[in-house]
Amino acid sequence: MTPIPQENTCPPPTADGEQDFADAARGFLARLEPGTVHDAEGRLVWDADAYAFLKEDCPPTAHPSLWRQSRLVARQGLFEVVPGVYQVRGLDLSNITFVEGRRGVIVVDPLISTEVASAALALYRSRRGDRPVTGVVYTHCHVDHFGGVRGVIDPADAASGRVPVIAPAGFLEHAAGENVMTGPAMGRRSGYMYGAALPKGPTGQIGCGLGQTTSLGSISLIAPTLDVTVTGQTETVDGVRMVFQLTPGTEAPAEMNFHLPELRVLCVAENACHTLHNVLTLRGALVRDPSAWARYLTETLSLYADDTDVVFASHHWPTWGQDRVVRFLEEQRDAYAFLHDQCVRLINAGRTGAEIAEELRFPPALERAWHVRGYYGSLSHNAKAVYQRYMGWFDGNPAHLWQHPPQEAAVRYVAFMGGADAVVEKARASFESGDLRWTAEVLNHVLFAEPDHAQARDLQAAAFERLGHGAESGPWRNFYLMGAAELREGVLGTPGRGAPDIVAALTVEQIFRSMAVRINGARAAAAGRMLLRWEITAPGPAAPAETWTVLLSNGALTPIPGDAPRGEDPDVTLRLPRTVLDAVMSRTTTLADAIAQGHAEVEGDVRVLLTFGTLSDRPDARFPIVTP
């Protein structure tokens with residue numbers, strides 16, 4: 001059998017490579033023992049101990065560079081960054097940071113789940129005393145940086161102003177709304193990307209490059225009480241002065257760095273980690289702008305480099321020493337600038353996204369920098385993302401303008417190649433020769449033409465496994481291994497838990513937009529025109545009521561603030577509190593039950609409301625990926 005091909009190779013060992021291990025261990029104070037966290041019902045939320053196998057030498061079933069990265073990232077425990085700044089790492093995909101003030105502690109980025117955030121705070125307090133939480137900072141709007149907030153503070157403390165919650169402008173809209181439109185599909189692909197359902201071990205899940213995997217506890221959200229609206233904004237919380245830099249549209253649509261001038265410490269959120277990040281994450285998202293990303297890092301250097309001795313991020317380990325901080329940020333900046341500019345140069349030379357991905361390589365100095373390796377966002381799929389950002393899905397070749405969809409194309413390909421059995425035998429020869437990329441491509445046609453072809457399923461699973469074992473990118477490895485597992489075992493994954501806090505943070509318009517993308521257009525068009533008036537009362541005497549008109553016309557739902565245009569009378573009017581609307585959206589009740597129990601009122605033609613309720617599809621979050 002030929003060696004497992006790898007999509008890229010490790011740089012030669014450097015002093016920086018050894019420095020990473022020293023930095024990842026520096027300031028260690030204590031670990032969580034045992035390294036497991038459970039929820040109130042006893043379900044396992046996090047298991048750091050499952051990665052103990054990473055202490056062994058790299059096996060042939062893993063890329064040595066990814067194995068090295070996972071060993072670094074899997075270290076869990078409480079670490080001192082500098083006196084007064086502490087991190088708990090290795091208890092979730094992200095880090096939680098504690099900045100000590102005069103009487104308590106400010107929590108930065110409280111992880112994904114309340115359970116792990118609470119465990120991290122308890123670990124911090126076990127060494128630093130029972131300090132109250134006196135502030136919370138969300139550096140950006142991704143769930144691994146806010147979801148555990150109820151594990152560290154009570155919402156009443158934020159509402160009363162006792163504990164300020166600081167976030168970049170636009171945080172709440174993006175935090176609540178990121179998954180409104182394509183949440184089910186993104187959630188399904190996240191299962192592949194992070195591989196949480198895979199067994200942990202040398203042949204299975206070993207990490208995802210950015211962290212080990214995602215925790216599986218309760219997700220919460222407390223709305224910010226203080227927005228950062230301009231770069232240079234300075235806030236003092238519990239005696240700690242923080243100077244903020246807004247970086248919207250980099251790693252997240254709402255993101256910010258902050259500087260602690262008295263401590264000469266800089267937090268760069270997720271804008272500079274010990275990996276090349278994603279321009280387009282494989283779970284799905286809007287394409288990010290690596291050119292803007294690079295410009296903001298240039299601004300970061302200009303604003304803070306002269307006054308910074310330590311830089312830390314919301315993932316991985318800090319970097320100490322002013323010269324090393326500058327080099328780290330410059331190389332991160334150069335990586336995103338090079339990626340963007342060279343992709344655009346090649347676009348203008350007529351290359352397609354796939355061609356650019358095959359051709360593009362970092363220059364030697366960046367190739368030797370461990371922290372821009374493709375552990376999370378690979379150069380290959382990022383290059384395709386830059387192409388997509390500027391040029392879209394079409395490569396300009398008219399042969400690709402009106403192709404058959406995958407299943408229809410697969411039937412034709414397989415017929416042209418002599419039938420499924422013949423294709424599998426040819427693919428087996430490719431597999432034996434080590435041409436795994438081609439093996440996977442041709443077998444994909446067989447499986448989309450004949451999904452139950454047993455030999456094709458087995459051989460494709462084997463090809464995926466070997467491709468995964470050779471991947472330096474954690475998400476690539478997880479995608480391949482999840483695909484192999486599902487070919488053998490069926491659809492895998494843990495059903496996602498509801499997040500009522502996130503639903504409550506949606507605007508009413510966002511709720512109606514989420515309804516719109518669930519409407520079955522054909523059924524709605526057949527049902528005819530409908531006009532529904534929604535009168536929604538908000539909790540609290542100071543909160544305003546909202547009136548919306550929802551028009552269903554030609555199979556499309558259009559939310560209109562206020563009354564219907566031209567004074568048209570609605571077919572039906574609903575009156576309900578926002579809390580009831582949230583419960584309906586969270587599926588903890590139904591609109592029919594809310595009406596029957598007197599929690600909502602209906603006026604007008606109830607038949608219209610009943611019909612409207614039949615026009616939405618409930619997304620299937622367990623749809624197949626590697627078969628039709």
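## How do we know? Terms and values

Q: Which residues lie nearest the centre of the largest cavity?
A: They are V73, R89, G90, N95 and H316, out of a lining of 16 residues. To count as lining, a residue needs an atom within 4 Å of a cavity point; on a 1 Å grid over the protein atoms alone, a cavity is a set of points where a 1.4 Å probe fits but cannot get out. This is a predicted model: local features need pLDDT of at least 70, side-chain atom pairs count only at pLDDT 80 or more, and totals for chains, interfaces and linings use all residues. Residues are numbered from 1 along each chain as its sequence is written, and side-chain values use heavy atoms, with hydrogens and water left out.

Q: How many cavities of 30 Å³ or more are there in the whole structure?
A: Two. The largest holds about 130 Å³ of space, and the second largest has a volume of about 40 Å³. Here a volume is the space filled by probe spheres set on the grid points, which are joined across faces, edges and corners.

Q: What makes up the lining of each cavity, by class?
A: The largest cavity has six nonpolar, seven polar and three charged residues in its lining. The second largest has eight nonpolar, three polar and no charged ones. For the sorting, Ala, Val, Leu, Ile, Met, Phe, Trp, Tyr, Cys and Pro are nonpolar, Asp, Glu, Lys and Arg are charged, and the others, Gly among them, are polar. You can try it on the second lining, which includes V268, A272, H274, W317, P318 and T319.

Q: Why is E432 called partly exposed?
A: Its relative accessible area is 42%. Buried means under 20%, exposed means over 50%, and partly exposed is in between (1.4 Å probe, protein chains only), so 42% puts E432 in the middle class. E432 sits in helix α13, residues 420-433 (helices are DSSP runs of H or I, at least four residues; strands are runs of E, at least two; both are numbered from the N terminus). E432 is 31 residues from A463 in sequence, yet 9.9 Å from it in space, C-alpha to C-alpha.

Q: Are D109 and L111 buried or exposed?
A: Buried: D109 has 0% relative accessibility and L111 has 1%. D109 is in the loop between β7 (105-108) and α3, and L111 lies in the loop between β7 and α3 as well. Neither is a glycine, yet phi is positive in each: about 60 degrees for D109 and near 65 degrees for L111.

Q: What makes a set of residues a nonpolar core?
A: The members are buried Ala, Val, Leu, Ile, Met, Phe, Trp, Tyr and Cys residues joined through side-chain atoms within 4.5 Å. The largest core here has 72 residues, and F98, V136, Y138, I153, L532, W534 and L576 have the most contacts inside it. Helix α3 (residues 114-128) gives this core seven residues, the most of any element. A second, separate core has 49 residues, including L276, V279, V325 and A357.

Q: Which residues is L576 in contact with, leaving aside its neighbours within four places in sequence?
A: W534, E535, I536, T537, L581, L591, H599 and A600. Contact means heavy atoms within 4.5 Å.

Q: Why is strand β13 called largely enclosed by the rest of the structure?
A: Five of its five residues, 256-260, are buried, so the strand is largely enclosed. M256, F258 and L260 point one way, N257 and H259 the other.

Q: In which sense does β13 pair with β12 and with β14?
A: Antiparallel in both cases: four bridges with β12 and three with β14, residues 265-267. Two strands pair if DSSP finds at least two bridges, so both cases pass. F244 stands opposite F258, and H259 has L266 as its bridge partner. The hairpin of β13 and β14 has four residues between the strands, and R264 takes a positive phi near 55 degrees there.

Q: Which face of strand β11 is covered?
A: The face with E235 and V237, while T234 and T236 make up the uncovered one. β11 pairs with β12 (residues 240-246) in the antiparallel sense over four bridges, and T236 stands opposite R241.

Note on methods: On a 1 Å grid over the protein atoms alone, a cavity is a set of points where a 1.4 Å probe fits but cannot get out, and a pocket is an open set with protein on both sides within 12 Å along at least five of seven lines; lining residues have an atom within 4 Å of a point.
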